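Please look over the sequence and structure below. Some questions and answers follow.

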Amino acid sequence: MHKSIAAILLGHLLLGGCELPRATDTAPRFPQGATLFEQAQSLRAAHAIPALALSEFSCAAYDVALVGVLRNDQDTEITPLAHFNIGSNAKSMLATAAARLSEQGRLDLDASLQTVWPEAAATAPDKSEITLAQLLAHSSGLPAFDTGRAQEQVPDFTGGDVPVTQATAMWFLQQPLVSSPGKKTLYSNAGYIVAGGVLERITGLPFESILREALFEPLQIDAAFGEPRHLSAADPFGHYVSKTAVTPYIEDEPPIPPYLTAAGNVALSMEDYVTYLQVHLCGLQGRETGLLSAETVRRLHTAALEDGAALGWGITEFGGEVTSFHIGGTGDFTAYVALSPGQDKGVAALLNVGGVPAAPLRSWLIDR
């Protein structure tokens, strides 16, 4: 089932995670006063990027630039409504949905697995005291499962009596811990799969329905799951690097199998992504957003351990400003985002390609 995943990734991370940006990255150079659109054009031309969306935004306003084509062997231009898969950047959406359920009194972020899902805890006693917050902050001690080779170990969970997300979560709970729960920050797709299973168990809803009800519908955003090319003829193909060529991904088998949806498999337009991100930027400034209280947003962006990750976000510091960020990818799509509440500024980049062509956007993110 997973051979195409391994082929796309060529040893890179399956669902890109909270890898700390390097301040030593060379910043891209643009003509003085270059607009966001001109920056997007320059980056696309210089790095063989099929399509690219850039955004700079504040709590109250935003600018978006979109350039490129749906696939690089055809001439159909991309449109503002085009969906990009944001990979692991969707982990913050799972954490946000959990936070909404917490505010509604339907769960406790600090409750143990034994409390919220006793049947699962009974099958893995050494995991029974793991909390939902630890799963969301990558401090549960569960393994990463972030490479194609690791994914080949996972059974096929389709066609069973138990929902795929919950069946996968139960399987991951049987895997050996790589550290004691609550002691270290170790990026883990497995932790988010288990968290998705917990939310399904508590709500009785499929994971996709949870995100729709908790986020997409209240924010009135058009988000979906999986490869954008399957959504409409106006949505882009993903691309990967095959030897030295940027190649459209046209295989029938999706690069991200269904059981990984909770670890990041959401697709949406840049404008809709910014609508979601502004909730976090505004909340971090103490402003009420109507979706979450400012206090809850601050918790989502507070590191659970010293120098660790927050709930769905990486945390770092640039120029004295605390910055929340995430870098996600599916092998054929890449997503970057950073929020600096002290500057009332956010930046994001979405690309329909993975690997080397997407790497310069890390430097663009740092520079902006």
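Strand β10 and the cores

Q: Which residue of β11 is the bridge partner of Ala335?
A: Strands and helices here are DSSP runs, strands (E) of at least two residues and helices (H or I) of at least four, numbered from the N terminus. Two strands pair if DSSP finds at least two bridges between them, and 7 bridges join β10 to the antiparallel strand β11 (residues 345-351). In β11, Ala335 has as its bridge partner Leu350.

Q: What was used to obtain these values?
A: This is a predicted model, in which local features need pLDDT of at least 70 and side-chain atom pairs count only at pLDDT 80 or more, while totals for chains, interfaces and linings use all residues. Residues are numbered from 1 along each chain as its sequence is written, and side-chain values use heavy atoms, with hydrogens and water left out.

Q: Which residue of β9 stands opposite Tyr336 in β10?
A: Strand β9 (residues 321-329) pairs with β10 in the antiparallel sense over 6 bridges. The two form a hairpin with 4 residues between them, where Gly331 in the turn has a positive phi of about 95 degrees. Opposite Tyr336 stands Ile327.

Q: How many residues of strand β10 are buried?
A: Buried means under 20% relative accessible area, exposed over 50% and partly exposed in between (1.4 Å probe, protein chains only). Both faces of β10 are covered, with Thr334, Tyr336, Ala338 and Ser340 buried on one side and Ala335, Val337 and Leu339 on the other. Strand β10 (residues 334-340) is largely enclosed by the rest of the structure, because the buried residues number 7 of the 7.

Q: Which helix gives the most residues to the largest nonpolar core?
A: A nonpolar core is a set of buried Ala, Val, Leu, Ile, Met, Phe, Trp, Tyr and Cys residues joined through side-chain atoms within 4.5 Å. The largest has 86 residues, of which Met93, Leu132, Leu136, Val266 and Tyr273 touch the most other members. With 8 residues, the helix that gives the most to this core is α11 (residues 270-284).

Q: At what angle do the ring planes of Phe145 and Trp171 lie?
A: Rings of Phe, Tyr and Trp (its six-membered ring) pair if their centres lie within 6.5 Å; planes under 30 degrees apart count as stacked, over 60 as edge-to-face and the rest as tilted. Phe145 and Trp171 are 5.8 Å apart centre to centre and edge-to-face, with an angle between the planes of 75 degrees.
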